[in-house]
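Hi,

Here is the structure I promised to pass on to you. Have a look at it first, and then read on for what turned up in it.

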Amino acid sequence: MAAPRISIVQLDPHVPLDRFGGWLQGVVLKNVPVYRKPLPQVDDLGHGVIVLGGRASVDDGELWMGAVKRMRVEAVDREIPLLGICLGHQLLAEAFGGEVRVADPGGGEHGAVRVEWLSGAERDPVLGRVASLRGTLFPSSHADVVTKLPAGATELARTSAYPHQAFRVGSALGVQFHPEASPELMTTWAELRDEDSLAMRRSMRLVDDTVSRNGALVAQGFAEVARAYAGVRRERRQRGFPRGLRGAPSARADSQHLTHRELRRRAGALERDRPRLAKCGPLHIPHGRGGDRIGAGRRRLLVCVSATR
């Protein structure tokens, strides 16, 4: 059985996947640096997409920004799992009608921040395990902020300084913080801002045991959702529905009638090395077909979350 494929949409050469590469286990990663080559079609992006951060702002007019926003809407329409980090989080908000303030007067956040989870975060298929820890440290590096969520989006986290630190729109999750960032990468970003990079390195290393654990839990959650989606899409092909065929039932439509036990089996026993799967059930999420807002309807996405936390 082929491993699920996840595309890493890199917006900036100075903002790489960093530690996520080692934490995304059991999947094949494909880097897509849109700052130097075109973004592939949505159906060619695989079973999950991670859109990284960048030094640009949403109003900078980079040539790739429009394509990345359109891809987000198409991915959600197809229920492809998607994770947006920092700038990727802000572009996700704008793609669905939210608002972003560039160069917030509060100065943004730089360093380790304590994220407070809101109601429902513990049930999110990606954030559930780390959200169970409540107040949680993550690296953060941003001056721009999401000031208004898209209609129908679910806010999942905030910090003492800013709301909207995490939100979900259908199959897409956005996080303002940087779960992938190591102390070394945070040091590099401090240097690029002409700030005290040595102080940044020291402060991030002091909390790295906790920070790295939290980042790994986010990566593992996303990999599990991508594996579940790959299993459902594989089932579609076995039933004779080619990828992209109009009129064919969606992955959601195929999967929503499966029993919990059958979904686990058909998804390829997502975590064969774990003792069991604790949850495998329907998650009701808002969705939209328009390019600028969320529709009023709701879909059912079947997700599996490991028992190990």
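A cavity, as I use the word here, is a set of grid points where a 1.4 Å probe fits but cannot get out. By that criterion the structure, which is a predicted model, holds 3 cavities of 30 Å³ or more.

Let me start with the second largest cavity, whose volume is about 40 Å³. Its lining is made up of 10 residues, and those nearest its centre are Pro-81, Val-126, Arg-168, Ser-171 and Val-225. By class, the lining of this cavity comprises 8 nonpolar residues, 1 polar and 1 charged.

Next, the open spaces. The second largest pocket has a volume of about 360 Å³. Three elements each give two or more residues to its lining: α3 (87-95), β7 (136-142) and α5 (183-192). In total, 20 residues line the second largest pocket, with Gly-54, Arg-55, Ser-141, His-142 and Ala-143 nearest its centre. Here the lining splits into 9 nonpolar, 8 polar and 3 charged residues.

Two of those pocket elements, α3 and α5, also turn up in the helix packing, so to speak, of the next two paragraphs.

How do the axes of helix α2 (residues 65-77) and α3 cross? They come within 9 Å and cross at roughly 70 degrees, which makes α2 roughly perpendicular to α3. The crossing of α2 past α3 is right-handed. On the α2 side, the contact is made by Met-65, Val-68, Lys-69, Arg-72 and Val-73, and α3 brings Gly-88, His-89, Leu-91, Leu-92, Glu-94 and Ala-95. Sorted by class, the residues of this contact are 6 nonpolar, 2 polar and 3 charged.

The other pair is α5 with helix α6 (residues 197-206), whose axes lie 8 Å apart at an angle of about 155 degrees. Because angles over 145 degrees count as roughly antiparallel, that is how α5 runs relative to α6. The crossing of α5 and α6 is right-handed. From α5, the residues in contact are Pro-183, Glu-184, Met-186, Thr-187, Ala-190 and Glu-191, and they meet Ser-197, Met-200, Arg-201, Met-204 and Arg-205 of α6. The contact of α5 with α6 has 5 nonpolar, 2 polar and 4 charged residues.

If you open the model, you might begin at α5, with its residues in the lining of the second largest pocket and its contact with α6.

Best wishes

Technical notes:
Residues numbered from 1 in each chain as written. Predicted model: local features only at pLDDT ≥ 70, side-chain atom pairs only at ≥ 80, totals over all residues. Heavy atoms only, no water. 1 Å grid on protein atoms, 1.4 Å probe; cavity = no way out; pocket = protein on both sides within 12 Å on 5 of 7 lines; lining within 4 Å. Points joined across faces, edges and corners; volume = space filled by probe spheres on them. Helix = DSSP H or I, 4+ residues; strand = E, 2+ residues; numbered from the N terminus. Nonpolar A, V, L, I, M, F, W, Y, C, P; charged D, E, K, R; others polar. Axes fitted to C-alpha atoms, helices over the stretch in contact; angles between N-to-C directions. Parallel < 35°, antiparallel > 145°, perpendicular 65-115°, else oblique. Left-handed = near helix turned anticlockwise from the far one by under 90°. Contact = heavy atoms within 4.5 Å.
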